[in-house]
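I opened this model to look up a hairpin and then the chain as a whole. My entries follow in the order I made them.

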Amino acid sequence: MLSFITNFLSNRSIQVRANGSLSHPVIIKNGVPQRSIMSTTLFLIGINDITSNLKPLIKTQLFADDITITCSGKNMNSINEHLQTAINTLQDWSKTTGLKFSPKKTQGILFTRKTKLDPPAKLYLSNLEIQFTDTIKILGLIFDKKLSWAPHLKTLKESCIKRLNIIKTLSNNNWG
């Protein structure tokens, strides 16, 4: 089995076809082939230890290649220290595995019901500041900083209205 998996992951290359021309092959050094039956299992085995070095105060949610880390408490300085330590730990893990986090796709949000609050302390990934937002999408759900469902329900309503309009158009006797 080990030889089979080694052969499956070794000596792979990709090419891109654009305007009828094929690019030169590029050797793939890490990762798994997309849409392969084994790829999901191999990827999950590869990231199985991603959270093993994080402190218990850091909670993680992992789905496929998306990871969410959270920390709760009353002292913002302490929370910031724990989160930055966790980010650094995850970044060290990524250096050993060859998998990388995208600083451009990384976002932060501070959940609180307090009205007067200092802005969150800065967090960094790959020496780039993580941008904090008022809303964040996690696994298709939209959360706002006050943990109300208003942004998610608004987006859901807009999506349903668009689909309903398509159904109305298709079901109308006079079309065209």
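I began with the hairpin of S11 and S12, in a model that is predicted. There are 2 residues between the strands, and Leu139 takes a positive phi near 50 degrees.

I then checked the strands themselves. S11 covers residues 135–138 and S12 covers residues 141–144. I found their pairing to be antiparallel, over 4 bridges. For Ile138 I looked up the bridge partner, which is Leu141 in S12.

Next I turned to the whole chain. I noted 4 helices and 12 strands.

For overall dimensions, I looked up the radius of gyration, which is 22 Å for the chain. A compact globule of 176 residues would have a value near 16 Å. I also took the box filled by the C-alpha atoms along the principal axes, and recorded roughly 65 × 55 × 30 Å.

How much of the chain is buried? I have buried residues at 17% of the 176 residues. On the surface side, the chain exposes about 14,200 Å². Carbon and sulfur atoms supply 56% of that exposed area.

I looked at contacts with a separation of 6 or more. Residues 24 or more positions apart account for 42% of these contacts in the chain.

My last entry is on charge. I noted 23 positive and 10 negative charges in the chain. The mean positions of the two sets are 7 Å apart.

Methods: Residues are numbered from 1 along each chain as its sequence is written. This is a predicted model: local features need pLDDT of at least 70, side-chain atom pairs count only at pLDDT 80 or more; totals for chains, interfaces and linings use all residues. Side-chain values use heavy atoms; hydrogens and water are left out. Two strands pair if DSSP finds at least two bridges between them. The radius of gyration is taken over C-alpha atoms; the globule rule is 2.2 Å times the number of residues to the power 0.38. Buried means under 20% relative accessible area, exposed over 50%, partly exposed in between (1.4 Å probe, protein chains only). Contact means heavy atoms within 4.5 Å. Accessible areas come from the Shrake-Rupley method with a 1.4 Å probe; for residues, only the protein chains shown count as cover. Lys and Arg count as positive and Asp and Glu as negative; His and the chain ends are not counted. The place of a charge is taken as NZ of Lys, CZ of Arg, CG of Asp or CD of Glu.
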